[in-house]
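Trainee: I've got this one open on my screen and would like to go through it with you. Could we begin with the surroundings of a ligand and work outwards?

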Amino acid sequence: MNVRESEQLMVDLRSAGHEIVEDEKEADVFILNTCSVREQAEIKAIGKSGFLARRKKHGTNFLLGIVGCMAENLGRELFKLNPKIDFIIGPRRLNELKLVLAQPFVDHVLLLGDGKPEASFLSNHDHSSNSANAGVSIMQGCNMCCSYCIVPKTRGQEIYRPIGDIVSECRSLVDSGIKEIMLLGQIVNNYGVGQFKIVDQKSPFVQLLEQLDRIPGLARIRYMSPHPKGFRMDLIDAHRRLKTLCPSVHLPVQSGSDRILRLMKRPYSRERICSIIKALRDKIPNVAITTDVIVGFPGETEQDFSETVSLFEDIHFNMAYIFKYSPRAGTVSAGMLDDVSAQEKDQRNKILLDIIQRDSLRYNQAMLGSVVEILVEGHAKRGDGRLFGRSANGYKVIFDGTDADIGKFLNIKICDYGITALYGNCV
Ligand code: SAH
Ligand code: SF4
């Protein structure tokens with residue numbers, strides 16, 4: 001979501017006459033788009049802003065701004081922490097940055113809280129890259145109140161974009177060469193709930209997927225993240241019916257212990273998670289399931305953690321983001337005792353990581369010798385000039401190719417594998 005918002009901002013600033021420079025030393029304005037989900041993300045951003053402030057102190061003149069969730073979360077506090085910061089703008093007011101930069105002087109500008117980003121701002125896309133996939137935000141904010149999470153504070157209540165706006169944005173992306181679209185939101189399957197009608201027992205999110213599925217030339221749709229709470233048969237069925245909807249689902253479970261899920265205020269049980277995943281696997285061939293999980297939530301006992309371990313062992317996720325619990329001031333769980341030691345959190349993190357790595361390796365090994373259709377995304381990091389793409393179910397495939405392959409569908413025969421990627425040759 002942050003990557004997408006940086007893109008919206010970048011295009012907005014370009015159309016206001018600014019230029020994006022590659023080398024940070026050339027910048028007249030330095031903007032840090034930040035995250036607040038864990039303390040570590042904030043520490044990193046504060047460290048970088050301190051480094052930049054020192055450059056300003058030594059005579060280099062540029063404007064320094066903090067935008068995004070940490071800006072919203074810490075607000076004025078950031079000016080105290082670092083007086084060299086010139087502007088602080090929350091995630092709902094990013095579209096106002098161009099107005100700030102148009103002023104003759106920018107002196108400790110603070111723009112927080114609700115804003116009204118124009119529809120045109122939300123649909124800004126950078127067409128200068130030759131990539132074949134794009135992210136599209138379908139909603140802002142989050143109405144849930146997971147006890148550990150800062151997002152409702154930083155991003156506010158849910159606001160849904162009209163279906164028509166999203167469809168026309170996707171149409172024009174496809175006209176510009178995009179083949180794959182990732183729909184973005186904090187809980188995408190809550191899209192339009194309570195605001196748009198349920199039609200033929202289909203949620204507004206499924207209705208949106210159906211409309212997008214009809215766009216000629218759009219090959220793949222993905223979405224992130226859905227919530228187990230509203231993950232119903234209409235969505236599972238959509239995966240079976242809609243040709244563009246990819247067989248990959250990122251379903252954040254957070255814990256395998258019902259007791260911890262209740263403390264987290266996640267309104268579902270372990271049994272519900274298992275039944276959603278079973279239904280997905282029964283209905284969708286080759287579906288890949290990935291997840292988010294938090295280790296070391298306040299009060300997580302050995303027994304609670306062993307239930308998360310057994311969930312991982314029962315489900316065999318394709319991949320998981322494992323987060324060590326980080327107390328965030330202002331959340332409900334920040335008032336609970338953070339009683340799992342850092343060492344124990346590391347230990348639990350490692351146990352889950354080992355399971356995931358073993359499972360990923362097994363999934364990847366099973367692909368050896370098969371031919372996989374991928375959409376080529378670009379150059380692989382540390383890939384010695386090789387390219388990478390993804391299969392419909394999200395497997396990363398690295399292969400030898402040329403720049404002309406980027407944005408194309410290719411068939412690759414898999415001849416090797418690692419934990420995070422498959423390796424192969426074009427056939
Ligand atoms: N809206 C998405 C998640 C957004 S935040 C959802 O509900 O699934 C991304 C992930 O960060 C979460 O899934 C959670 O695993 C992790 N996270 C959020 N707050 C956290 C905290 N205080 N400490 C550690 N991890 C956290
Ligand atoms: Fe945070 Fe929960 Fe909302 Fe996800 S659903 S953004 S974890 S409050």
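Trainee: How do the residues of the shell around ligand 1 divide into nonpolar, polar and charged?
Mentor: Bearing in mind that this is a predicted model, the shell around ligand 1 is made up of six nonpolar, three polar and five charged residues.

Trainee: And which residues are the closest to ligand 1?
Mentor: Of the 14 residues that surround ligand 1, the closest are Gln186, Pro252, Gln254, Asp292 and Ser326.

Trainee: What does Gln186 put 2.8 Å from a nitrogen atom of ligand 1, backbone or side chain?
Mentor: For Gln186 it is the backbone, with an N or O atom lying 2.8 Å from that nitrogen. Gln254, on the other hand, uses a polar side-chain atom, which sits 2.7 Å from an oxygen atom of ligand 1, and the side chain of Asp292 likewise has an N or O atom 2.6 Å from an oxygen atom of the ligand.

Trainee: How much of ligand 1 does the protein cover?
Mentor: On its own ligand 1 has 540 Å² of accessible area, and the protein covers 91% of that.

Trainee: Which strands supply at least two residues of that shell?
Mentor: Strand β11, residues 288-295, and strand β12, residues 319-324, each do so.

Trainee: Switching to ligand 2, what residues are around it?
Mentor: Among them are the cysteines Cys142, Cys146 and Cys149, together with Met144, Tyr148, His227 and Arg266. Gln186, which we met beside ligand 1, is also one of the residues around ligand 2. By class, this shell has eight nonpolar, two polar and one charged residues.

Trainee: Now helix α10, which residues are buried there?
Mentor: Within α10, which runs over residues 233-241, the buried residues are Asp234, Leu235, Ile236, Ala238 and His239.

Trainee: What do they pack against?
Mentor: They pack against two helices, α9 (204-213) and α12 (270-283), and against the strands β9 (220-224) and β10 (248-250).

Trainee: Stepping back, how many helices and strands does the chain have?
Mentor: The chain has 14 helices and 17 strands. Its radius of gyration is 22 Å, close to the 22 Å that the globule rule gives for 427 residues, so the chain is as compact as a globular protein of that length.

Trainee: What share of the chain is buried?
Mentor: Buried residues account for 52% of the 427 residues. As for the outside, the chain exposes about 20,000 Å², of which carbon and sulfur atoms supply 52%.

Methods
Residues are numbered from 1 along each chain as its sequence is written. Chains are lettered from A and ligands numbered from 1 in the order in which they are written. This is a predicted model: local features need pLDDT of at least 70, side-chain atom pairs count only at pLDDT 80 or more; totals for chains, interfaces and linings use all residues. Side-chain values use heavy atoms; hydrogens and water are left out. Buried means under 20% relative accessible area, exposed over 50%, partly exposed in between (1.4 Å probe, protein chains only). Helices (H or I, at least four residues) and strands (E, at least two) are DSSP runs, numbered from the N terminus. Contact means heavy atoms within 4.5 Å. A residue is near a molecule or strand if one of its heavy atoms lies within 4 Å of it. A polar contact is a pair of N or O atoms within 3.5 Å; within protein, one must be able to donate a hydrogen and the other to accept it, and residues adjacent in sequence count only if both atoms are side-chain atoms. Accessible areas come from the Shrake-Rupley method with a 1.4 Å probe; for residues, only the protein chains shown count as cover. Ala, Val, Leu, Ile, Met, Phe, Trp, Tyr, Cys and Pro count as nonpolar, Asp, Glu, Lys and Arg as charged, and the others, Gly among them, as polar. The radius of gyration is taken over C-alpha atoms; the globule rule is 2.2 Å times the number of residues to the power 0.38.
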